[in-house]
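Please load the coordinates in your viewer and keep the selection panel at hand. The stops below are meant to be followed in order, each one giving something to select and something to look for.

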Amino acid sequence: MSTAAAPVRSLRAGTVLADLLPASRTRDIALVVGGAALTGLAAQLSVPVPGSPVPVSGQTFAALLVGTALGARRGFLALALYAVAGMAGVPWFAQASSGYAMPSFGYVLGMLLASTVVGALARRGADRSVLRTAGVMVIGSAIIYAVGVPYLALATGMSLGQAVAAGLTPFLIGDALKAALAMGALPTAWKLVGRKG
């Protein structure tokens, strides 16, 4: 009886959801490309915010989900691919934009860092319960804003206070909703995996 329980524990210790798929280089490449594509697709779910050059979009949620599900290394690579392809002209940033000269590009850089951090936290089991997942989403969002808001201020000539008002405050309710979605989705996925294991 104890030998049957041991594989489930060892499967879950130090793993992220993507590790549950059969390991191969092809799997990792597909996950990285898929993570970048998911982020680009989610970025098209975009609504302009009056008075702000930064729209509300699904890309931040996707970036945090990608990092958490894929882990730090693959999450970083997926968001790096997303950023580099977007800078090269693929129109998959929010509102079908591309390039690096836009004022909201700092958020893309923040997502790159955030996906890496939340991926590392997920590998330590931070996505297994509702409360821990909430903490991961808060940390990831804070990282995105810590890079995106100062970049917005520099790119537009706004003061830091103006950048916070235009590039942080209008997004807090949406971020709370995105965190709630993740708090339901990730722990539920782990419970389903545990039942199958």
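The tour goes through helix pairs, then a core, and then some single residues.

Before selecting anything, bear in mind that this is a predicted model.

**Stop 1: helix 2 and helix 3**

Select residues 25-43, which form helix 2, together with residues 59-70, which form helix 3; their axes come within 7 Å and cross at roughly 160°. That angle makes helix 2 roughly antiparallel to helix 3, because angles over 145 degrees are counted in that class. The crossing in which helix 2 passes helix 3 is right-handed. To see the contact itself, show the side chains of L31, G35, L38, T39, A42 and A43 on helix 2, and of Q59, A62, A63, V66 and L70 on helix 3. Colouring this contact between helix 2 and helix 3 by residue class should give eight nonpolar and three polar residues, with no charged ones.

**Stop 2: helix 2 and helix 4**

Keep helix 2 on display and add helix 4, whose axis is 8 Å from that of helix 2, the two packing at an angle of about 50°. Helix 2 and helix 4 are therefore oblique to each other, and their crossing is right-handed. From helix 2, the residues to select are R27, D28, L31, V32, V33, G35, A36, T39, G40 and A43, which meet R73, R74, L77, A78, L79, L81 and Y82 of helix 4. By class, this contact of helix 2 with helix 4 holds 10 nonpolar, three polar and four charged residues.

While helix 2 is still in view, centre on R27, which is located in this helix. Is R27 buried or exposed? With a relative accessible area of 13%, R27 is buried, and, leaving aside residues up to four places away in sequence, R27 touches A18, D19, L21, P22 and R74. Another residue of helix 2 to pick is G34, which is partly exposed at a relative accessible area of 34%. If you draw a distance from the C-alpha of G34 to that of G86, the two are 15 Å apart in space, with their positions 52 residues apart in sequence.

**Stop 3: helix 4 and helix 5**

Now hide helix 2 and select residues 72-87 for helix 4 and residues 105-123 for helix 5, whose axes come within 7 Å and cross at roughly 165°. Helix 4 is thus placed roughly antiparallel to helix 5, and helix 4 passes helix 5 in a right-handed crossing. On the helix 4 side of the contact, show A72, R74, G75, F76, L79, A80, Y82, A83 and M87; these meet F105, V108, M111, L112, S115, T116, G119, A120 and R123 of helix 5. The contact of helix 4 with helix 5 divides into 12 nonpolar, four polar and two charged residues.

**Stop 4: the largest nonpolar core**

Which residues of the largest nonpolar core touch the most other members? Select L79, Y82, F93, Y107, V108, M111 and M137, which have that place among the 46 residues of the core. At least two residues of this core come from each of helix 2, helix 3, helix 4, helix 5, helix 6 (130-156) and helix 8 (172-196). Centring on Y82 brings up its contacts with A36, T39, G40, A43, Q59, W92, F93, A94 and V108, again without residues up to four places away in sequence.

**Stop 5: the loop between helix 4 and helix 5**

Move next to Q95, found in the loop between helix 4 and helix 5, where its phi is near 60°, a positive value in a residue other than glycine. A96 is placed in this loop between helix 4 and helix 5 as well, and phi of A96 is likewise positive, near 55°. Q95 is partly exposed, with a relative accessible area of 44%, and A96 also counts as partly exposed, at 44%.

P103 is a further residue in the loop between helix 4 and helix 5, and at 26% relative accessibility P103 counts as partly exposed. Beyond residues up to four places away in sequence, P103 touches P53, Y151, L152, A155 and T156. From P103 to R124 the C-alpha distance is 34 Å, for positions 21 residues apart in sequence.

**Stop 6: K178**

Finish in helix 8 by selecting K178. K178 is buried, because its relative accessible area of 17% falls under the 20% limit. Its contacts, apart from residues up to four places away in sequence, are with S57, T60 and F61.

Definitions and conventions. Residues numbered from 1 in each chain as written. Predicted model: local features only at pLDDT ≥ 70, side-chain atom pairs only at ≥ 80, totals over all residues. Heavy atoms only, no water. Axes fitted to C-alpha atoms, helices over the stretch in contact; angles between N-to-C directions. Helix = DSSP H or I, 4+ residues; strand = E, 2+ residues; numbered from the N terminus. Parallel < 35°, antiparallel > 145°, perpendicular 65-115°, else oblique. Left-handed = near helix turned anticlockwise from the far one by under 90°. Contact = heavy atoms within 4.5 Å. Nonpolar A, V, L, I, M, F, W, Y, C, P; charged D, E, K, R; others polar. Core = buried A, V, L, I, M, F, W, Y, C linked by side-chain atoms within 4.5 Å. Buried < 20%, exposed > 50% of the residue type's maximum accessible area, 1.4 Å probe, protein only.
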